[in-house]
Protein chains: 2
Amino acid sequence: MTEAVGLAPVGRDTVQDRVYSELRRALIGGLFSPGQVLTIRQLADALLTSTMPVREALGRLITEQALEILPNRQIRVPPVTLARIEDLLRARILIEGEAMALAAARMTPRHIASLRAILLDWEEMRGTQVDREVTLNHAFHFEIYRACGSTVLIPMIESLWLQSGPLTRAAIYAFSEAGANDAARFHHDILQALQAGDAATARAALVADISRPFAYLKDKLGADAAEKETP
Amino acid sequence: MTEAVGLAPVGRDTVQDRVYSELRRALIGGLFSPGQVLTIRQLADALLTSTMPVREALGRLITEQALEILPNRQIRVPPVTLARIEDLLRARILIEGEAMALAAARMTPRHIASLRAILLDWEEMRGTQVDREVTLNHAFHFEIYRACGSTVLIPMIESLWLQSGPLTRAAIYAFSEAGANDAARFHHDILQALQAGDAATARAALVADISRPFAYLKDKLGADAAEKETP
DNA sequence: GCCCTTGATCTGTGATCACACTTGATTTGA
DNA sequence: TCAAATCAAGTGTGATCACAGATCAAGGGC
């Protein structure tokens, strides 16, 4: 066989893969509400395909805990509870913190430049487009995680993002409207620490970054419960 | 509706679920070799069903990284590499260690008794039935992990076991034949530490327990490579 | 003799249909 | 009037068929 230089393998993508990616994007972006029920046929109609790719994509999302299946066989995005919030936050601090620490030791100038570029893009359009903001936040974090060199941790982190997406939806919009977005500061802290190869500081900044929307969510949930008690 | 007392919900299980469970059992038990190629129709024939439940079960296992899909769309169990061994071991120490520490703080006498019973069963038939041994080892660990109170960590640990199953296959049989099975000692250490509520010691004993087969595997892989160099 | 082409076979993928079950509104009964 | 029974629409699940791509062996050309 002749050596084809410089050509990346193309790899046909199936309909199922596209459906899966689309649902993932929607989940992480908070387009689905906690507790919302999804049906295969309805999604198939919306995505202009048959039920087959959709049901396989949903099955995959269910095993990732991104969706849950009720005894009635109904499929829904898991509702928000205080226990789930704390559980997810703890897991994310544990695993993403470790990935961040690992990445700190393997940073190249190329990575740093790429991160800086994402941060620049992000600052340019702060507050204008929420979904674009979500995309850039995702890109920033996973550019780092991919550098950690672990093919085991990364899919787990993706699963965690999938699970927290619907929960942090409320927080995303609240922060975006308030404009008081100190995510930029945390991201700069992370970048600076990574540049210095300081794993501990990078991890601490990440924990702060992750914790913020969850803390907001916990407050909001407590306030809602109190309001319900005394209407 | 009248209140039906004392009846547990039955919850119909689908063919897909049975196929999925069966494949999981086989994977964790090391019945499949690293690198082995699986085909949908062949598995469907072996399991006496159609291709439909099998392909959905395989899809789920692929998203869990328990199986991988090649650019040719072939499905196989991931081959063993040194990097993968170290990657998996690190992740298991991180996540299972955390679950163990959490469980140490939530142990009830009921849990302790259950663990002791499993350990007793295990000692009774040490070395006689390999697959029974695998089952009891699985039961022991997950009895603990279930007690950690995290619905997020447990599926991740299951995914990790699914991924390490085929790798540790060699180690399982080697230890079983050698009879020099000090897993019993580690398990006793874990139980004792849990009883005392000593999270740090429990975690350390777990790390020793997990690391053992991986260390054996690394040695074996190195020896095989050296043997190949000088035939 | 060696390499390329061709062919049959097997693979995963997608679409469609049949079925059992759930669910919600309607109708029937007292 | 209210509750129970009934019917119809909609759900996920499984089986079957059609199809494009991959694989590998035998055949044909240089």
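**Exercise 1. Determine which helix gives the most to the surface near DNA strand C, and describe that surface.**

Solution.

Step 1. In this predicted model, helix H3(A) makes the greatest contribution to the surface near DNA strand C, namely three residues.

Step 2. The full set of residues is considered next. DNA strand C is surrounded by 16 residues, and the closest are Val15(A), Ser50(A), Arg41(B), Arg55(B) and Arg73(B). Of the strand C atoms that come within 4 Å of the protein, sugar and phosphate account for 50%.

Step 3. The elements that each supply at least two residues are helix H1 (15–28) and H3 of chain A, together with helix H2 (40–47) and H3 of chain B.

Step 4. Sorted by class, the surface near strand C comprises six nonpolar, six polar and four charged residues.

**Exercise 2. Identify polar atom pairs between the protein and DNA strand C, and state which part of the nucleotide each involves.**

Solution.

Step 1. On the phosphate side, an N or O atom in the side chain of Ser50(A) is 2.3 Å from a phosphate oxygen of DNA strand C.

Step 2. On the base side, Arg41(B) places a polar side-chain atom 2.9 Å from a base nitrogen of DNA strand C. For Arg55(B), the distance from a polar side-chain atom to a base nitrogen of this strand is 2.7 Å.

Step 3. With a cut-off of 3.5 Å for a polar contact, the pair of Ser50(A) qualifies at 2.3 Å, that of Arg41(B) at 2.9 Å, and that of Arg55(B) at 2.7 Å.

**Exercise 3. Describe the surroundings of DNA strand D: its closest residues, its polar contacts and the helices that contribute.**

Solution.

Step 1. There are 17 residues around DNA strand D, the closest being Arg55(A), Arg73(A), Val15(B), Ser50(B) and Asn72(B). Sugar or phosphate holds 56% of the strand D atoms within 4 Å of the protein, and bases hold the rest.

Step 2. Two pairs involve phosphate oxygens of strand D: one lies 3.1 Å from a polar backbone atom of Ile40(A), and one lies 2.9 Å from an N or O atom in the side chain of Asn72(B). A base nitrogen of strand D is 3.0 Å from a polar side-chain atom of Arg41(A).

Step 3. Two or more residues each come from helix H2 (40–47) and helix H3 (51–63) of chain A, and from helix H1 (15–28) and helix H3 (51–63) of chain B. Among these, H3(B) gives the most, with three residues.

Step 4. The class count for the surface near strand D is seven nonpolar, six polar and four charged residues.

**Exercise 4. Classify the packing of H4(A) against H4(B) as roughly parallel or roughly antiparallel, and list the residues in contact.**

Solution.

Step 1. Helix H4 (residues 82–104) of chain A and helix H4 (residues 82–104) of chain B have axes 11 Å apart, at an angle of about 150 degrees.

Step 2. Angles over 145 degrees count as roughly antiparallel; H4(A) is therefore roughly antiparallel to H4(B). The crossing of H4(A) past H4(B) is right-handed.

Step 3. H4(A) contributes Arg90(A), Leu94(A), Ile95(A), Glu98(A) and Leu102(A) to the contact, while H4(B) contributes Arg90(B), Leu94(B), Ile95(B), Glu98(B) and Leu102(B). These residues divide into six nonpolar, no polar and four charged.

**Exercise 5. Analyse two helix pairs within chain B: H5(B) with H6(B), and H2(B) with H3(B).**

Solution.

Step 1. Helix H5 (residues 109–124) and helix H6 (residues 130–146) of chain B pack at about 165 degrees, and their axes are 10 Å apart. The two are therefore roughly antiparallel, and H5(B) passes H6(B) in a left-handed crossing.

Step 2. The contact includes Leu115(B), Ile118(B) and Trp122(B) from H5(B), and Leu136(B), Phe140(B) and Ile144(B) from H6(B). By class, it has eight nonpolar, three polar and four charged residues.

Step 3. For H2(B) and H3(B), the axes come within 9 Å and cross at roughly 120 degrees, in a right-handed sense.

Step 4. Here Ile40(B), Arg41(B), Leu43(B), Ala44(B) and Leu47(B) of H2(B) meet Thr51(B), Val54(B), Arg55(B) and Leu58(B) of H3(B). The contact has six nonpolar, one polar and two charged residues.

Step 5. Arg41(B) and Arg55(B) thus appear in two settings: both take part in the contact of H2(B) with H3(B), and both are listed among the residues closest to DNA strand C.

Conventions: Residues are numbered from 1 along each chain as its sequence is written. Chains are lettered from A and ligands numbered from 1 in the order in which they are written. This is a predicted model: local features need pLDDT of at least 70, side-chain atom pairs count only at pLDDT 80 or more; totals for chains, interfaces and linings use all residues. Side-chain values use heavy atoms; hydrogens and water are left out. A residue is near a molecule or strand if one of its heavy atoms lies within 4 Å of it. A polar contact is a pair of N or O atoms within 3.5 Å; within protein, one must be able to donate a hydrogen and the other to accept it, and residues adjacent in sequence count only if both atoms are side-chain atoms. Helices (H or I, at least four residues) and strands (E, at least two) are DSSP runs, numbered from the N terminus. Ala, Val, Leu, Ile, Met, Phe, Trp, Tyr, Cys and Pro count as nonpolar, Asp, Glu, Lys and Arg as charged, and the others, Gly among them, as polar. Axes are lines fitted to C-alpha atoms, for helices over the stretch in contact, and angles run from 0 to 180 degrees between N-to-C directions. Angles under 35 degrees count as roughly parallel, over 145 as roughly antiparallel, 65 to 115 as roughly perpendicular and the rest as oblique. A crossing is left-handed if the near helix is turned anticlockwise from the far one by less than a right angle, and right-handed if clockwise. Contact means heavy atoms within 4.5 Å.
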